[in-house]
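Here's a walk through the sheets, helices and chain contacts of this one. Have the coordinates open and follow along.

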Number of protein chains: 2
Amino acid sequence: MADRLSTLGSSELIRCLTEGFKITHASTLKGIGDAAVLRYGNAVLVVTTATLAEGVHFDLIYTPMQHLGYKAAVVALSGIYAMNAAPRQMLVSIAASAKFSVESLKLLYQGLQFACEEYGVDLAGGDTSPSVTGLYIHITAVGEADAGQTTGRHTAQKGDLICVSGDLGGAYMGVQVLEREKKMFEQNSLQPNLDNYAYVVGRQLKPHARKDIVEFFASSGVIPTAMTDVSHGLSGDLLHICTASDAGCEIHHHKIPIADETVRTAEEFYMEPLVAALNGGCDYELLFTVPVSAYEKIIGHSDISIIGYITGKEEGCFLMTGHGNKIELKSRINN
Amino acid sequence: MADRLSTLGSSELIRCLTEGFKITHASTLKGIGDAAVLRYGNAVLVVTTATLAEGVHFDLIYTPMQHLGYKAAVVALSGIYAMNAAPRQMLVSIAASAKFSVESLKLLYQGLQFACEEYGVDLAGGDTSPSVTGLYIHITAVGEADAGQTTGRHTAQKGDLICVSGDLGGAYMGVQVLEREKKMFEQNSLQPNLDNYAYVVGRQLKPHARKDIVEFFASSGVIPTAMTDVSHGLSGDLLHICTASDAGCEIHHHKIPIADETVRTAEEFYMEPLVAALNGGCDYELLFTVPVSAYEKIIGHSDISIIGYITGKEEGCFLMTGHGNKIELKSRINN
């Protein structure tokens with residue numbers, strides 16, 4: 001029987017689909033994987049793409065078009081920052097069904113424009129096309145990196161510290177709240193009340209890309225050995241680094257940064273906040289590894305947490321709980 | 001009342017959506033429009049995107065997945081050639097619903113790989129994601145150009161010759177045949193017989209990008225003043241050049257290249273072959289203008305037709321028929 005798509009994670013699927021392809025140009029430094037790394041003349045360019053599909057990545061019932069435009073840009077730009085590069089240009093393609101008005105797409109582009117201004121990126125191209133149903137947003141981002149300073153996922157070294165910016169699990173709890181309020185509205189026409197969930201809902205609807213962290217790396221002379229953005233949840237993204245780097249890891253429960261509102265909201269949903277941090281995606285924080293020699297520089301940054309360290313592959317990938325228990329890390333999504 | 005998307009052509013829509021955006025980086029030579037033109041170091045790069053949506057751009061009933069992969073690449077690469085640049089890298093994003101098997105996507109990637117080999121392009125990145133319904137293929141192509149030799153649509157000059165490669169209208173007649181055979185199969189379970197339509201069906205299902213024409217420009221020292229690929233039909237694409245260049249044009253009916261099989265098929269459908277050439281899109285030939293001084297170089301090329309010349313804006317855009325009649329050019333699609 002033919003393999004269904006759902007049996008493979010996206011990384012595994014891409015590997016499977018592209019195994020016969022060969023790289024022929026000297027300008028292609030790095031092919032299939034996290035992002036394309038190209039060298040033209042003296043410049044090292046990073047090119048990433050991001051697709052947001054209605055019904056899969058967003059629900060227009062509770063996603064304002066402006067927020068959606070901003071978020072789509074953030075998802076694409078976050079991929080550039082995760083390569084330790086600075087985004088410069090963006091191309092935006094929209095496929096929209098006839099249900100969308102020009103005005104609603106204008107709101108989407110207002111959100112894109114806001115992101116362009118905030119992250120210092122030029123909208124340099126793109127197109128629109130019809131779709132049979134729904135809205136698809138596809139963004140290509142072009143960034144510039146210093147030669148030899150791009151970071152992939154496959155270069156974490158045994159002994160490296162595992163670090164994460166900001167806090168985790170908020171976006172996941174945000175979508176739980178939004179889905180609950182959507183149901184309440186559909187069933188009882190109750191207007192949503194999001195006053196007590198401003199932080200987690202904001203994490204879902206208007207995430208930020210961590211430009212500041214990449215700028216901190218440049219100013220402090222830190223070059224991460226490996227990096228990714230947290231789009232699939234800490235567990236999945238860290239396993240991705242470990243698998244690609246042929247390494248293991250040990251992270252500590254009480255070191256994982258989770259915001260108070262995320263904890264409170266998780267408890268309200270009878271969920272363990274840690275589960276939201278491990279398995280909830282879309283926080284767009286940066287997860288990276290650095291050599292132990294960078295410890296002093298990292299520890300001085302108030303918004304970076306050191307959560308563990310890279311071990312040998314044979315040691316496996318584990319979360320240490322406060323009670324001395326060791327839990328094997330598993331990815332909710334095969335990414 | 002809000003404007004519906006269908007009231008605006010895609011170029012007009014993009015202009016409307018992006019009017020407030022500003023270019024801030026020196027590396028962005030050319031923003032919104034045909035393609036992004038970027039300068040990094042000494043290199044001039046052209047970046048284009050193409051989206052193919054199931055039910056809009058292709059019908060899987062009669063489109064083999066391998067052909068689809070090849071065609072998607074051709075559509076993207078054709079956009080690079082139309083800028084007088086050479087494609088180098090491609091990033092491919094697929095959004096596919098659960099109905100697709102890994103095997104079917106592998107066929108799609110085989111078609112992509114075939115195009116990569118034929119056009120000398122590296123697959124340098126991309127991703128896959130789920131979609132609620134159908135298949136979306138999004139390709140970003142990166143090409144390299146010689147400084148000062150990229151061509152847009154807005155730089156045709158009065159007196160320039162209007163030229164087109166290959167022949168036109170074939171892809172349009174191909175889709176008419178395929179749609180007829182699809183209906184016959186659905187209504188009467190009649191197996192399609194495409195033996196007499198190999199050329200026009202091939203033009204629809206497996207178009208080629210005119211790499212050879214751009215190589216001819218380089219080897220013969222011709223730099224077109226304006227260029228586009230024929231994706232919306234001769235009429236629409238020529239009007240696009242004229243509008244962007246603030247110019248008019250005069251083209252001659254009997255100079256427009258139409259293949260014998262296209263003529264025969266059109267007659268079978270009680271259609272005027274010229275209508276297929278003017279209004280049918282997706283031939284992916286190159287439509288370009290050159291100064292009269294390039295006449296001798298162009299006339300020596302067996303697969304380029306000179307079909308008319310650029311006039312002043314005030315003279316309008318006209319097709320001259322064989323009987324001395326003048327017909328105003330209109331675009332079927334507002335592009």
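Let's start with a single pair: Ala247(A) sits opposite Gly312(A), which belongs to strand E11(A). Keep in mind that this is a predicted model. That pair is part of a larger ladder, since strand E9 (residues 247–252) of chain A and strand E11 (residues 304–312) of chain A pair in the antiparallel sense over five bridges. E9(A) also pairs with strand E12 (residues 317–320) of chain A, this time running parallel, with four bridges between them. One partnership there is Glu250(A) with Phe318(A) in E12(A).

Which residues of E9(A) are on its covered face, and which on its uncovered one? Ala247(A), Cys249(A) and Ile251(A) make up the covered face, while Gly248(A), Glu250(A) and His252(A) make up the uncovered one. So far, then, Ala247(A) is on the covered face and Glu250(A) is on the uncovered one.

Now for a sheet elsewhere in chain A. It is an open sheet of six strands in the order E1-E2-E3-E6-E4-E5, with mixed pairing. Strand E1 (28–30) and strand E5 (122–130) of chain A are the edge strands, each pairing on one side only. From one strand to the next, the twist averages 25 degrees. Inside this sheet, strand E2 (residues 36–40) of chain A pairs with strand E3 (residues 43–53) of chain A in the antiparallel sense, over five bridges, and Ala36(A) stands opposite Val47(A) in E3(A). Helix H2 (residues 65–81) of chain A lies across E3, strand E4 (86–96) and strand E6 (135–145) of chain A, and runs at about 145 degrees to E3(A).

Over in chain B, strand E6 (residues 135–145) is largely enclosed by the rest of the structure, because ten of its eleven residues are buried. E6(B) has antiparallel pairings with E3(B) and with E4(B), laid out here with one bridge partner pair for each:

| Strand paired with E6(B) | Sense | Bridges | One partner pair |
|---|---|---|---|
| E3(B), residues 43–53 | antiparallel | ten | Leu52(B) and Ile137(B) |
| E4(B), residues 86–96 | antiparallel | ten | Ala95(B) and Tyr136(B) |

What about the nonpolar interior? The largest nonpolar core has 210 residues. Those with the most contacts inside it are Ala73, Leu77 and Met90 of chain A, along with Ala73, Leu77 and Met90 of chain B. Take Ala73(A) as an example: leaving aside neighbours within four places in sequence, Ala73(A) is in contact with Met90(A), Leu112(A), Ala115(A), Cys116(A) and Ile139(A).

That leaves the contact between the chains. Here 70 residues of chain B are in contact with 70 residues of chain A. On the chain B side, the elements giving two or more residues are H1, strand E2 (36–40), E3, E4, helix H3 (102–119), strand E5 (122–130) and E6. The largest share of that side, nine residues, comes from E5(B).

One helix pair across the two chains is worth a look. The axes of helix H3 (residues 102–119) of chain A and helix H1 (residues 10–17) of chain B come within 9 Å and cross at roughly 50 degrees. That angle makes H3(A) oblique to H1(B), and their crossing is right-handed. Val102(A), Leu105(A), Lys106(A) and Tyr109(A) are the residues of H3(A) that meet Leu13(B), Cys16(B) and Leu17(B) of H1(B).

Definitions and conventions:
Residues are numbered from 1 along each chain as its sequence is written. Chains are lettered from A and ligands numbered from 1 in the order in which they are written. This is a predicted model: local features need pLDDT of at least 70, side-chain atom pairs count only at pLDDT 80 or more; totals for chains, interfaces and linings use all residues. A residue is buried if 20 or more other C-beta atoms lie within 10 Å of its own, exposed if 12 or fewer, and partly exposed in between; C-beta atoms are placed from the backbone. Two strands pair if DSSP finds at least two bridges between them. A nonpolar core is a set of buried Ala, Val, Leu, Ile, Met, Phe, Trp, Tyr and Cys residues joined through C-beta atoms within 7 Å. Two residues are in contact if their C-beta atoms, placed from the backbone, lie within 7 Å. Axes are lines fitted to C-alpha atoms, for helices over the stretch in contact, and angles run from 0 to 180 degrees between N-to-C directions. Angles under 35 degrees count as roughly parallel, over 145 as roughly antiparallel, 65 to 115 as roughly perpendicular and the rest as oblique. A crossing is left-handed if the near helix is turned anticlockwise from the far one by less than a right angle, and right-handed if clockwise.
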